[in-house]
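User: Could you take a close look at one part of this protein for me? I'd like to follow the central strand pairing and what sits around it, in plain words.

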Amino acid sequence: MDLEIYDKTNNGVSDKDTSLVQDVLEYAGKYLDLKENTEMSVTFVNNDKIKDINKEYRGVDRATDVISFAIEDGDDDFPLIMNDEMANEIPENIGDIFVSIDKVAEQAEFLNHSYERELGFLVVHGFLHLNGYDHMEPEDEAVMFPLQRKIMDSYGLKR
């Protein structure tokens, strides 16, 4: 996976956190059998920044833990004639995830599990949204949440 990670926090994100995000997303990408040249980004922010993003794009004036912006480019700007091998070589950008590091710490403490587990959980959650999974309807939740738990557990970030 071609993953770009950005740190827009005031305090900085540790190399350990960055490595965890890279590893868990690589694992999740293989779990979903995504193409190796799938592209996406993760941006670490603080509560103030994610509150601004949440308000601007979702109309919700509060900080949240993770926001995903999927690239839903089902339109072909121009028709191409190519075989499957050629099509598989074209990178697919699935979108961007923003994670509030402040919320990661708050929720880990509240839920009484590790910071690493919460960070992994949130990036996998955002990643699944980028790949078309949702939980707004009960039938969608019944698919997304068990898949999220399977990825987390098999990676080794159990509750």
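Analyst: Here is a walk from the strands to the helix that follows them, then into the core and out to the salt bridges. Keep in mind that this is a predicted model.

Let's start with strand E4, residues 92-100. Strand E2, residues 38-45, runs parallel to E4, and 8 bridges join the two. One place to spot this pairing is valine 45, whose bridge partner in E4 is serine 100. E4 also pairs with strand E3, residues 66-70, but here the sense is antiparallel and there are 5 bridges. For this pairing, look at isoleucine 67, which has phenylalanine 98 as its bridge partner in E4. A handy thing to remember while you turn the model: in a regular strand, side chains alternate between the two faces of the sheet.

Now pick out valine 99. Leaving out residues up to four places away in sequence, valine 99 touches a long list of others, including Val42, Thr43, Phe44 and Val45. The list also takes in Asp65 and Val66, as well as Leu119, Leu122 and Val123.

Val99 is also one of the residues with the most contacts inside the largest nonpolar core, along with Leu25, Met40, Val42 and Leu119. That core has 29 residues. The elements giving two or more residues to it are helix H1 (15-31), E2, E4, helix H4 (101-111), helix H5 (115-130) and helix H6 (138-155). H5 supplies the largest share, 7 residues. There is a second, separate core too, with 6 residues, among them Val45, Ile50, Ile53 and Ile67. You've met two of those already: Val45 pairs with Ser100, and Ile67 pairs with Phe98.

Next, move to asparagine 47, in helix H2 (residues 47-58). Buried or exposed, what does asparagine 47 count as? Its relative accessibility is 16%, so asparagine 47 counts as buried, the cut-off being under 20%. Its side chain makes a polar contact of 3.0 Å with the side chain of glutamate 106. Setting aside neighbours within four places in sequence, asparagine 47 is in contact with Ala63, Ser100, Asp102, Lys103 and Glu106. Ser100 is the E4 residue that partners Val45.

Two of those contacts, Lys103 and Glu106, also have a link of their own. Their side chains meet in a salt bridge, 3.4 Å from N to O. Both lie in helix H4, 3 residues apart, which is about one turn of the helix. Lysine 103 counts as buried because its relative accessibility is 19%, while glutamate 106 is partly exposed at 40%.

How many salt bridges does the count come to? It comes to 3. Another of them joins lysine 16 and glutamate 116, with their closest N and O atoms 3.2 Å apart. Lysine 16 is in helix H1 and glutamate 116 in helix H5, so this pair ties together parts that are 100 residues apart in sequence. Lysine 16 counts as exposed at 56% relative accessibility, whereas glutamate 116 is partly exposed at 25%.

The remaining pair is aspartate 61 with lysine 51, where the closest N and O atoms are 3.9 Å apart. Aspartate 61 lies in the loop between H2 and E3 and lysine 51 in helix H2, so they tie together parts that are 10 residues apart in sequence. Both are partly exposed: aspartate 61 has a relative accessible area of 48%, and lysine 51 comes in at 33%.

Key. Residues are numbered from 1 along each chain as its sequence is written. This is a predicted model: local features need pLDDT of at least 70, side-chain atom pairs count only at pLDDT 80 or more; totals for chains, interfaces and linings use all residues. Side-chain values use heavy atoms; hydrogens and water are left out. Two strands pair if DSSP finds at least two bridges between them. Helices (H or I, at least four residues) and strands (E, at least two) are DSSP runs, numbered from the N terminus. Buried means under 20% relative accessible area, exposed over 50%, partly exposed in between (1.4 Å probe, protein chains only). A polar contact is a pair of N or O atoms within 3.5 Å; within protein, one must be able to donate a hydrogen and the other to accept it, and residues adjacent in sequence count only if both atoms are side-chain atoms. Contact means heavy atoms within 4.5 Å. A nonpolar core is a set of buried Ala, Val, Leu, Ile, Met, Phe, Trp, Tyr and Cys residues joined through side-chain atoms within 4.5 Å. A salt bridge is a side-chain nitrogen of Lys or Arg within 4 Å of a carboxyl oxygen of Asp or Glu.
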